[in-house]
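Please open the model in your viewer and keep the sequence panel beside it. The stops below go from the whole chain to one pair of helices.

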Amino acid sequence: MAPLSTAVEAEPFTEIRTRAARPVDLVHLAKQCLGDEALEREVLRLFDTTITDYYGRLKLATCFDDLSLVLHSIKGAAGGVGAWSIAEQAKAMEHEMRSGRPLSQEKIDDLGIVVGDVRDFIARMVGQDAA
């Protein structure tokens with residue numbers, strides 16, 4: 001039996017190309033809105049207002065109950081539109097709090113960065129429609 005003359009070389013992990021995830025899962029949003037693009041835009045506008053309000057409340061919250069309620073609201077609202085990065089971060093923060101670890105200002109600021117990214121994405125999406 002002749003040895004195999006060609007070998008398949010595995011592509012190094014560092015060279016595997018991955019597509020960057022969008023801040024909002026547009027496929028999920030389309031399913032939630034039954035493919036109605038006007039409704040999708042309106043839901044994004046409402047979410048932008050909602051997440052701005054909830055994040056502002058989170059920054060002002062001082063007790064466990066308030067922090068927990070706001071994080072849970074953020075997680076639910078973000079999951080509804082497919083803003084998975086926000087939902088996952090809020091879920092992790094909720095878990096940390098329930099495990100007895102205090103919620104640091106750094107964690108709140110990190111969530112604010114993700115919220116800003118999603119809001120920028122929404123502004124671009126809604127702005128494209130206005131043009």
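**The whole chain**

Begin with the whole chain selected and its surface shown: the chain exposes about 9100 Å², of which carbon and sulfur atoms supply 55% (accessible areas come from the Shrake-Rupley method with a 1.4 Å probe, and for residues only the protein chains shown count as cover). This is a predicted model, in which local features need pLDDT of at least 70 and side-chain atom pairs count only at pLDDT 80 or more, while totals for chains, interfaces and linings use all residues. Residues are numbered from 1 along each chain as its sequence is written, and side-chain values use heavy atoms, with hydrogens and water left out.

Switch to a cartoon, and the secondary structure comes to 5 helices and 0 strands, running α-α-α-α-α from the N terminus on (helices, H or I with at least four residues, and strands, E with at least two, are DSSP runs numbered from the N terminus).

**The pair α2 and α3**

Next select residues 37-60, helix α2, together with residues 64-81, helix α3, which pack at an angle of about 160° with their axes 10 Å apart (axes are lines fitted to C-alpha atoms, for helices over the stretch in contact, and angles run from 0 to 180 degrees between N-to-C directions). That angle makes α2 roughly antiparallel to α3, a term for angles over 145 degrees.

Now show side chains: the contact (heavy atoms within 4.5 Å) includes Val43, Phe47 and Arg57 of α2 and Leu67, Ser73 and Val81 of α3.

Technical notes: Angles under 35 degrees count as roughly parallel, over 145 as roughly antiparallel, 65 to 115 as roughly perpendicular and the rest as oblique.
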